[in-house]
Amino acid sequence: MAKARGPQVGEVAPDFELPSQGGETVRLSDFRGKQTVVLYFYPKDNTSGCTAEACSFRDSYEVFTEAGAQVIGVSSDSVESHDGFAQRYKLPFLLLADAGGEVRKAYDVPSTFGILPGRVTYVIDREGVVRHVFSSQANIGKHVSGALTVVQSLATA
């Protein structure tokens, strides 16, 4: 039996529907034809690495938006947890609650040591096609810098 694999560069990203920290339903397809999406999966709200990553995306948020991109964070934390996390760190972007882990599974985000949810960032262009995938639990800064490089190249293309 073949191992499941997430969407690769050049493939269409799976659509999904999840609640945001404000309780609104967000669909990936809502952005099609409008914006590039930086979709990043992270393990857990309010942990040191995830807070550093979220704050790094926050600190670069203006540059992402100027390049026509929407940043979206996804973890299995609850809507309430995301709301508190976003308020505490003044996160201006969407955090989506993937409570059952269905979207994580659709994107085949690996876990570390079989227990800790993985950290993977996707850049999805306006047509819904994956343009960049970066997976690293430890190299947090590269998630933001790598995504930004791709978003900026798509904006000038």
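Here are legends for a handful of close-up views of this predicted model.

Local features are taken only where pLDDT is at least 70, side-chain atom pairs count only at pLDDT 80 or more, and totals for chains, interfaces and linings use all residues. Residues are numbered from 1 along each chain as its sequence is written, and side-chain values use heavy atoms, with hydrogens and water left out.

**View 1. The whole protein, before zooming in.**
The protein has 5 helices and 9 strands; both are DSSP runs numbered from the N terminus, with helices being H or I of at least four residues and strands E of at least two. Read along the sequence, the order is β-β-β-α-α-β-α-β-α-β-β-β-β-α. The C-alpha trace spans about 45 × 35 × 30 Å along its principal axes. Its radius of gyration is 14 Å, which agrees with the value near 15 Å for a compact globule of 157 residues (taken over C-alpha atoms; the globule rule is 2.2 Å times the number of residues to the power 0.38). Of the 157 residues, 49% are buried, where buried means under 20% relative accessible area, exposed over 50%, and partly exposed in between, using a 1.4 Å probe and protein chains only. The accessible surface comes to about 7,500 Å², with 53% of that belonging to carbon and sulfur atoms (Shrake-Rupley method, 1.4 Å probe; for residues, only the protein chains shown count as cover). Among contacts between residues at least 6 apart in sequence, 65% join residues at least 24 apart; a contact means heavy atoms within 4.5 Å.

**View 2. Cys 50, the residue that UniProt lists as "active site".**
That label comes from an unreviewed UniProt entry; UniProt positions follow the numbering used here, feature names are shortened, and annotations may be inferred rather than shown by experiment. Cys 50 lies in helix 1, residues 48-59, and is buried at a relative accessible area of 1%. Skip the residues up to four places away in sequence, and Cys 50 touches Tyr 42, Pro 43, Lys 44, Phe 85 and Arg 119.

**View 3. Two cysteines, Cys 50 and Cys 55, with no bond between them.**
A disulfide is a covalent bond between the sulfur atoms of two cysteines. The rule used here asks for a pair of cysteine sulfur atoms within 2.5 Å, and by this rule the count comes to 0. For Cys 50, the nearest cysteine sulfur is that of Cys 55, 11 Å away. That gap is too far for a bond, so Cys 55 stays unpaired with Cys 50. Cys 55 counts as buried too, at 13% relative accessibility.

**View 4. Glu 53, a buried acid in helix 1.**
Glu 53 has a relative accessible area of 0%. Leaving aside neighbours within four places in sequence, Glu 53 is in contact with Tyr 40, Tyr 42, Arg 119, Thr 121, Ile 140, His 143 and Val 144.

**View 5. Strand 3, covered on both faces.**
Strand 3 runs over residues 36-41, and 6 of its 6 residues are buried. Thr 36, Val 38 and Tyr 40 sit on one side, with Val 37, Leu 39 and Phe 41 on the other.

**View 6. The partners of strand 3, strands 4 and 8.**
Strands pair if DSSP finds at least two bridges between them. Strand 3 and strand 4 (residues 69-75) run parallel, joined by 6 bridges, with Leu 39 opposite Ile 72. Strand 8 (residues 120-124) pairs with strand 3 in the antiparallel sense over 5 bridges, and here Tyr 40 stands opposite Thr 121.
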